[in-house]
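I opened this notebook to keep track of what I looked up, one entry at a time. The entries follow below the structure.

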Amino acid sequence: MNWIADLGAKTLQYVAGLGRAGRFFAALTGACLIALSRFSLVVKQLYSVGVLTLLIILVSGLFVGMVLGLQGYYTLVSFGAESSLGLVVALSLTRELGPVLSALLFAGRAGSALTAEIGLMKATQQLDAMEMMATDPLPIVIAPRFLAGFIALPLLTAIFTSIGVIGGYLIGVQQLGLDSGVYWAAMQEGVDFYDDIINGVIKSLVFGLVVTFIAVYQGYFATPTSEGVSRATTRTVVNASLSVLGLDYVLTALMFGEI
Amino acid sequence: MSETNQNQAHLIQVDKLVFGYGERLIFNNIDMVIPRGKISVIMGPSGCGKSTMLKFFGGSLRPQAGKVRFDGISVPDLKREQLFQLRKRMGMMFQSNALLTDISVFENVAFPLREHTDMSDSLIHQLVLIKLEMVGLRGARDLMPAELSGGMARRVALARAIALDPDLVMYDEPFTGLDPISMGVAIKLIKKLNDALGITSVVVTHDVKEGASIADYIYLLGDGTVVGHGAPEQMLSSSNDQVHQFMNGLPDGPVAFHYPARAIRDDLLGDQQ
């Protein structure tokens, strides 16, 4: 009968965790309003969350675009359809690869850093110290980081997608000899602003919210020891990546499916 | 608040405080008073909960039974807003110093002033420099916390703790991990600030010599209760076994050297019998 008790305990734990996350989210939303009035704090975080993630986004975006160009061209050319290369590259990037890969890279680079930073602030009693100085750490420490992540990811996604399109151009046009006009014209013809671009932006907004929330939540509730912080950092990357991939399916089904 | 006028001599009063985590009782019926304007030292072996005591003064923990009063105000009954108001009258120096690592020494000391006052930048600038001068670190204002030595970081934490001119300053293990010179500086500063600013000080430590040298009054905790209390001379010459063992650092006594175990003969020969 022990397994029933175990199952019950696990379920209770899980539900309690959900409740805690829900309350934390509500408190964080309120704190964000205060943080918006002290925007310099957000700008500071935008630098460490956004600008410092730029390099990995640029390099990855370029290579993903180049691979798409190469694979797309060799597949399309056997059907005599290489003129659609621009469309294939652009649609793959705006609909799926841009938002998803950016979010995964963002979780690995910025999300883990956010968790570790907040967890260490907790472990070194900096958050306690703020509480003792009669200052709520939520609007000063947590909310600016959350807002910065939420703002940064859609912008990084746009950069990833753009550089990816350029990567596809470099390979398809410069290296494999497709006509430059054909590459761009197919894209201009086939990519719809609302169906493709806006839906991609919505995806990246959702991912930004989820990844950053998981990161700050794990940091804020990390066990305040070096071991606890390292486990929280791992959980951020794992949970955020799985959430991104799972949510991507749900969002894709809602946006492009015939439901 | 009608009790504000009572016990003017005591800033903090703890009555029959009971607290525990789960099954484990940390405090069992603790009574304690912290006299105004004096340095009270709370001592005890590691893990006896002496640092936890400070959390009751600051209201971050609530007792399971009993009362904690700060200047007549019942701390556990306060709502978060009221608690924050009260905490502006307290300064705390953490064992890890807890300096905010992403801002400079100057900004760390300025932090409480910027958060809680409407002072102009120039006024804050002057006040921060005065506080830093008190701890001898006016010249270190532009350093980042990571660039400070342990002793310096502790002094910055002290300057920050007194930034708002509090009624009470709490020191959590202020002597731990300091070299002898820094230790001497810390002792002198705590004494000097207490006398010069007329603040009430509570020092939590297990360093008997240093603690006794600055204490006006000592509380010794152990096994969840107050084992003994009194002026330093009384404590050092106490005939109580537990107090005597702790104050003189004897390896064996009421606090046993051996962790509870079955008889050594059984343990060593048990498997062969």
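Leaving aside its neighbours within four places in sequence, which residues is Ile142(A) in contact with? I was working with a predicted model, and I found that Ile142(A) is in contact with Leu28(A), Ala31(A), Ile118(A), Pro137(A), Val216(A) and Tyr220(A) once the neighbours within four places in sequence are set aside.

**Entry: the core**

I then looked up the largest nonpolar core, which has 140 residues, and noted that Ile142(A), Val211(A) and Val202(B) are the ones that touch the most other members. When I asked what gives the most to this core, I found helix H4 of chain A, residues 85–123, which supplies 18 residues.

**Entry: Ser102(A)**

Staying with helix H4 of chain A, I picked out Ser102(A), which is found in it. Is Ser102(A) buried or exposed? I counted 33 other C-beta atoms within 10 Å of Ser102(A), and since 20 or more are enough for a residue to be called buried, Ser102(A) is buried. Leaving aside neighbours within four places in sequence, I listed its contacts as Ile57(A), Leu153(A), Leu156(A), Thr157(A), Phe160(A) and Ser204(A). I also checked Thr161(A), which is 59 residues from Ser102(A) along the chain, and the C-alpha atoms of the two are separated by 8.9 Å.

**Entry: the sheet in chain B**

Turning to chain B, I traced an open sheet of six strands with mixed pairing, in the order S6-S7-S8-S3-S9-S10. Strand S6 (90–93) and strand S10 (225–230) of chain B stand at the edges with a single partner strand each, so one side of each is left without a neighbour in the sheet. I noted that neighbouring strands here are turned by 15 degrees against each other on average, direction ignored.

Within the sheet I followed one pair, strand S3 (residues 39–43) and strand S9 (residues 217–222) of chain B, which pair in the parallel sense over four bridges. In this pairing, Ile42(B) stands opposite Tyr219(B) in S9(B).

**Entry: helices across the sheet**

I looked up helix H1 of chain B, residues 50–57, and saw that it lies across S3, S7, S8 and S9 of chain B, running at about 150 degrees to S8(B). Helix H6 of chain B, residues 180–197, lies across S3, S7 and S8 of chain B and runs at about 160 degrees to S8(B).

**Entry: where the chains meet**

Last, I checked how the chains touch, and the contact takes 10 residues from chain A and 15 residues from chain B. On the side of chain A that touches chain B, I recorded four nonpolar, four polar and two charged residues.

Methods: Residues are numbered from 1 along each chain as its sequence is written. Chains are lettered from A and ligands numbered from 1 in the order in which they are written. This is a predicted model: local features need pLDDT of at least 70, side-chain atom pairs count only at pLDDT 80 or more; totals for chains, interfaces and linings use all residues. Two residues are in contact if their C-beta atoms, placed from the backbone, lie within 7 Å. Ala, Val, Leu, Ile, Met, Phe, Trp, Tyr, Cys and Pro count as nonpolar, Asp, Glu, Lys and Arg as charged, and the others, Gly among them, as polar. A nonpolar core is a set of buried Ala, Val, Leu, Ile, Met, Phe, Trp, Tyr and Cys residues joined through C-beta atoms within 7 Å. A residue is buried if 20 or more other C-beta atoms lie within 10 Å of its own, exposed if 12 or fewer, and partly exposed in between; C-beta atoms are placed from the backbone. Helices (H or I, at least four residues) and strands (E, at least two) are DSSP runs, numbered from the N terminus. Two strands pair if DSSP finds at least two bridges between them. Axes are lines fitted to C-alpha atoms, for helices over the stretch in contact, and angles run from 0 to 180 degrees between N-to-C directions.
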